[in-house]
Amino acid sequence: MKLLRNSGILLHPVSLPSTPGIGTIGKAAFDFVDWLSASGVGLWQVLPLGPTGYGDSPYQSFSTFALNPLLIDFDDLADRGWALKEDIEVPDYIKYDGNIDYGSVVWWKTAALKNITSKVEKISPDFKKAFNSFCKQNSFWLDDYASFRSIKSHYDDKGMWNKAWPKELRNHEKEAVEKWNSQHKDEIHNTKVTQFFAFTQWNALHEYASEKNVEIIGDIPIFVSPDSADVWANQKYFQLNASGVPKTVAGVPPDYFSPTGQLWGNPLYDWKKLEEDNFSWWVLRVKQMLKLTDYVRIDHFRGFDAYWSVKNGEKTAEKGKWVKGPGIALFNQIKKELGDLPLIAEDLGEITDSVRALRDKTGLPGMKILQFGFDTAERTSGGLKNGFLPHTYKDSNCVAYTGTHDNDTTQGSLNAMNDDCLSLVASYLKGRFVSADEAHIMRTSGELCRGLVSLCYSSVADFAIVPLQDLFCFGSDCRMNNPGTSTANWSWRMRPDLLYGDEGVRAGMWLKEMNILYNRNAK
């Protein structure tokens, strides 16, 4: 699928301002779309939208199909007549400003949603018809997800592969699950209603974005959480032992982010079994996400060529091995059933010729990260060489970023640079030699960070996307995620003035100027 030249901002909805505790897909999300549209920005990239568990990572979701209930906007529920004003009152312990306190938000919203979903059919006569239609259309994942969450709420908060779960339920035995469902109808019903709320609000936001010529880029993690309805309901598609425990788990070897590698702990797929079923489960994943978004970034694309397999129980990812993945067969099947692939390959990490060949066979655009362009750049008599620097891009079929959710903010990365690297960045931007002293001044003023944002937008890459933090030259305290750590991640929120105040207006005007200057007004 040929990408049209366009620009985008990376911001997860939880980071939106002006709502209690956490960003939602209510008014602030619509206002953000308006801001993007007015700025000439045609792309909004989000992180995975699923319900999160321990660690709050959107890449470790309880379901690859469900939406995160924390994104539900309570004011919108009241406006639709699905909640009473007294049911959406905000407790004193919930903050409007500053980073997300997930513990408080989960405690408040979970209880409030339980109360709201239990009475919605009584206060909204027209609710049931739309809800029943939603359940029917989504039964292929919704039924198992609702059962999973019900069982989990009774037996544990650590994961299904411990002995707290009865064996017949842990193994997803049909009769046992049906019996459980019949005994916990209200819980299961409330989970389904919650998902109906979330999908209704998201679909309204997506439709509004389309009207404003803003397309949404979604995100599919290659792997799913071991503690998820996906694994529980589809155990034959994963490398599990007789007790259902993962035999091997996913990760990556030592890399840029960690000297001991990253041990993600996700169960690995049994790709042979998946291929025997024509990759039907994977086709459904992509199809579902493309209903919610316009493009999909597939995380850890190199894992489709070969994935890093670590024996379950290892403390780090150092002792693993590369195992061949499904390759082009998976993408051929997806294309056969869904047509053109509006997908983006996250082709970062240890990329081999084989991975590049797979990416080229699929025709998917890869990713170029400007931050990676300087810290490993080679200075030779023939010039500066690094595949992430714009002058080395071989064609436009790629997506350029200043950084991603896994990187430090661009200002944060500049703050951490030594004099030589800082001088190199400044010299590259200025087109002349810049001393370390001058580069320090440029860094402090924000000139270097803004220059890298402009460089990203000016590149030949079809899509150019920057995290919102980089637009405002925010430092490391505004970083979204620090790979290899499990605390203080995913919690950053933008200040209201960045969307509604003068600073947001100035940033929007600058974006509009760049989009015109660099011809990124695709529509």
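What percentage of the 523 residues of the protein chain count as buried? The share is 57%. The model is a predicted one.

## Overall build

The protein chain holds 22 helices and 14 strands. Its C-alpha trace spans about 75 × 50 × 40 Å along the principal axes.

The radius of gyration is 23 Å. A compact globule of 523 residues would have a value near 24 Å, so the chain agrees with that expectation.

## A negative patch and helix α7

Four glutamates form a negative surface patch. They are Glu168, Glu173, Glu175 and Glu178.

Glu175 belongs to helix α7, which covers residues 174-183. Is this patch member buried or exposed? Glu175 counts as exposed because its relative accessibility is 68%, and the cut-off for that class is over 50%.

## The loop before α7

Where does His172 lie? His172 sits in the loop between α6 (167-170) and α7. Its phi is near 60 degrees. That is a positive value in a residue other than glycine.

His172 has a relative accessibility of 24%, so it counts as partly exposed. The partly exposed class runs between the buried limit of 20% and the exposed limit of 50%.

## A second positive phi

Trp490 also has a positive phi, near 65 degrees, and is likewise a residue other than glycine. Its place is the loop between α20 (468-471) and α21 (496-500).

Why does Trp490 count as buried? Its relative accessible area is 5%, and buried means under 20%. The two loop residues thus fall into separate classes: His172 is partly exposed, whereas Trp490 is buried.

## Strand β6 and a contact across the sequence

Val296 lies in strand β6, residues 295-298. Its relative accessibility is 1%, so Val296 counts as buried.

Which residue, 46 residues apart from Val296 along the chain, has its C-alpha atom 6.5 Å away? The partner is Pro342. The separation of 6.5 Å is between the C-alpha atoms of Val296 and Pro342.

## Sites in brief

- Glu175: helix α7, exposed at 68%, one of the residues of the negative patch.
- His172: loop between α6 and α7, partly exposed at 24%, phi near 60 degrees.
- Trp490: loop between α20 and α21, buried at 5%, phi near 65 degrees.
- Val296: strand β6, buried at 1%, with C-alpha 6.5 Å from that of Pro342.

How values were computed: Residues numbered from 1 in each chain as written. Predicted model: local features only at pLDDT ≥ 70, side-chain atom pairs only at ≥ 80, totals over all residues. Heavy atoms only, no water. Patch = residues over 30% accessible without salt bridge, like charges linked within 9 Å, V, L, I, M, F, W, Y side chains within 5 Å. Areas by Shrake-Rupley, 256 points an atom, 1.4 Å probe, with all protein chains shown as cover. Salt bridge = Lys/Arg side-chain N within 4 Å of Asp/Glu carboxyl O. Lys, Arg positive; Asp, Glu negative; His and termini not counted. Charge placed at Lys NZ, Arg CZ, Asp CG, Glu CD. Helix = DSSP H or I, 4+ residues; strand = E, 2+ residues; numbered from the N terminus. Buried < 20%, exposed > 50% of the residue type's maximum accessible area, 1.4 Å probe, protein only. Rg over C-alpha atoms; globule rule 2.2 N^0.38 Å.
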